[in-house]
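Hi everyone, thanks for making time this morning. I'd like to walk you through a protein that is new to most of us, so do keep the picture open while I talk.

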Amino acid sequence: MAIDRSIKRVVARNGQVYFYQRGKRISYKKGIVKFLKDNENKIQELGEQAFPKITEKEKTSLKRSQAAKDRYFYDDGKGKRKYVDKGYMALLKATKLSQFDTKQRNLAKYADPVSNMRFFPRYSDILRAVTTEYLRNQDIFKDFEVREGRFKDKNTRKISPTIESLTDIAELIGAKSPFANFKVSYIDFDGEEIAGAKRTMNFIVKFQNLIMGKITNTLQSLGVLTRFLYRPIINPKNKTIVFDFTDISNQTFEELLAFEANRQKVTRTNTGGITIANKYKGVIIEMDFS
């Protein structure tokens with residue numbers, strides 16, 4: 001007769017949950033894993049309702065279990081399954097795995113379609129590949145664009161400010177981004193590094209407001225669409241992202257802008273575009289005037 005290896009879940013009067021296997025009580029950690037696995041289809045259909053009198057602890061375990069299903073991992077059958085950092089996966093999807101649909105969650109199964117050699121024979125090969133591919137393809141992870149405008153109304157000819165959201169930047173360093181566990185910092189005009197994703201976002205907003213003010217003061221009669229192209233430095237091994245605003249010019253932004261406007265003869269009647277890429281180390285500023 002086959003031994004019944006199924007997990008039995010019991011909720012005590014005090015709300016405590018116990019798990020039993022073959023008539024013997026087992027630890028919660030071991031029991032919840034087995035229970036979730038045995039009832040996978042039922043949980044997929046009913047969610048929390050699959051748990052009679054579900055506890056807060058079980059809700060947390062369920063959420064973690066469901067989140068883990070969406071994560072990529074490494075399992076070659078020789079050892080314990082290891083999950084792959086979301087930031088690493090974002091880099092790999094844009095480089096080494098760009099030719100695949102990446103529905104396969106186990107990185108141990110990815111191989112060269114010609115030679116059939118595995119991309120990652122060992123778990124340690126993942127970080128090696130991430131670092132190598134990033135260095136080869138840095139341009140893919142540059143030019144995070146943010147736009148701000150100061151446009152003339154066609155009827156009144158008045159100039160009014162507008163701004164587009166920092167979507168590109170938020171997707172890179174926001175709480176829900178693949179790089180959420182990377183340490184984010186920025187380097188200010190004087191070369192001092194300040195840590196923190198929120199501080200970095202706040203500085204970017206202040207920086208853009210500062211530049212828009214300088215543009216307005218320098219070329220007062222013109223409407224302008226400004227593109228800020230940020231080139232952050234990503235270090236996969238140390239899990240860091242750095243935005244660099246170091247001032248690399250002896251001239252002020254206004255002086256550089258006025259020089260380019262004069263050189264290209266940008267006026268109210270002769271509009272055009274100006275790019276300043278030699279003022280702030282990790283930022284390119286493109287302006288279209290009207």
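I'll go from the overall layout to the cores, then the pockets, the aromatic rings and a couple of single residues.

Before anything else, please keep in mind that this is a predicted model. The protein has 290 residues, and 39% of them count as buried. It contains 8 helices and 14 strands. If we take the contacts with a separation of 6 or more, 59% of them are between residues 24 or more positions apart.

Let's go inside. As a general point, nonpolar side chains in soluble globular proteins tend to be buried together. Here, the largest nonpolar core has 51 residues. Which residues have the most contacts inside it? They are Leu-107, Phe-207, Phe-243 and Met-287. Helix H7, residues 197–218, gives the most to this core, contributing 6 residues.

Phe-243 is a good place to zoom in. Setting aside its neighbours within four places in sequence, Phe-243 is in contact with a long list of residues, including Ile-169, Leu-172, Ile-173, Val-184, Tyr-186, Ile-204 and Tyr-230. Thr-200, Ser-185 and Pro-232 are also among the contacts of Phe-243. Apart from the largest core lies another one, of 12 residues, and among them are Ile-32, Phe-35, Leu-36 and Phe-51.

Now for the empty space. A probe the size of a water molecule, rolled over the atoms, shows where such space is left. The largest pocket has a volume of about 930 Å³. Its lining has 24 residues, and the closest to the pocket's centre are Val-33, Leu-36, Ser-65, Ala-68 and Tyr-83. Leu-36 may ring a bell, as we met it a moment ago in the core of 12 residues.

Which elements give two or more residues to that lining? They are helix H1 (28–38), helix H2 (40–46) and helix H3 (56–69). H3 supplies the largest share, with 9 residues. By type, the lining of the largest pocket divides into 9 nonpolar, 5 polar and 10 charged residues.

The second largest pocket holds about 200 Å³ of space. Among the residues lining it are Ala-67, Asp-70, Arg-71, Tyr-72, Lys-86, Met-89 and Pro-178. Helix H4, residues 86–94, gives the most to this lining, with 4 residues. And how does the lining divide by type? There are 6 nonpolar residues, no polar ones and 5 charged ones.

On to the rings. A pair of aromatic rings is described by the distance of the centres and the angle of the planes. A search of the whole structure finds 21 aromatic pairs, and I've picked two to show you.

The first on my list is Tyr-88 with Phe-182, an edge-to-face pair at 6.5 Å centre to centre, with 85° between the planes. This pair links distant parts of the chain, 94 residues apart: Tyr-88 sits in helix H4, and Phe-182 in the loop between helix H6 (167–173) and strand S8 (183–187). Are these rings buried or exposed? Tyr-88 is buried, with a relative accessible area of 11%, and Phe-182 is buried as well, at 5%.

My other pick is Phe-189 with Tyr-280. Their ring centres are 5.4 Å apart and their planes are at 40°, so this pair is tilted. It also links distant parts of the chain, 91 residues apart, with Phe-189 in the loop between S8 and strand S9 (193–195) and Tyr-280 in the loop between strand S13 (273–276) and strand S14 (283–289). Phe-189 is partly exposed at 27% relative accessibility, whereas Tyr-280 is buried at 4%. Phe-189 and Tyr-280 both belong to one aromatic cluster, whose other members include Phe-207 and Phe-243.

Let me finish with two single residues. Glu-133 lies in helix H5, residues 124–136, and is buried, with a relative accessible area of 10%. Beyond its neighbours within four places in sequence, Glu-133 is in contact with Thr-95 and Lys-96.

Ser-177 is in the loop between H6 and S8 and is buried at 6% relative accessible area. Not counting residues up to four places away in sequence, Ser-177 touches Ala-170, Glu-171 and Leu-172. Its C-alpha atom is 8.2 Å from that of Gly-87, a residue 90 places away along the chain.

That's my tour, and I'm happy to go back to any part of it.

Notes:
Residues numbered from 1 in each chain as written. Predicted model: local features only at pLDDT ≥ 70, side-chain atom pairs only at ≥ 80, totals over all residues. Heavy atoms only, no water. Core = buried A, V, L, I, M, F, W, Y, C linked by side-chain atoms within 4.5 Å. Buried < 20%, exposed > 50% of the residue type's maximum accessible area, 1.4 Å probe, protein only. Contact = heavy atoms within 4.5 Å. 1 Å grid on protein atoms, 1.4 Å probe; cavity = no way out; pocket = protein on both sides within 12 Å on 5 of 7 lines; lining within 4 Å. Points joined across faces, edges and corners; volume = space filled by probe spheres on them. Nonpolar A, V, L, I, M, F, W, Y, C, P; charged D, E, K, R; others polar. Phe/Tyr/Trp six-rings, centres within 6.5 Å; stacked < 30°, edge-to-face > 60°.
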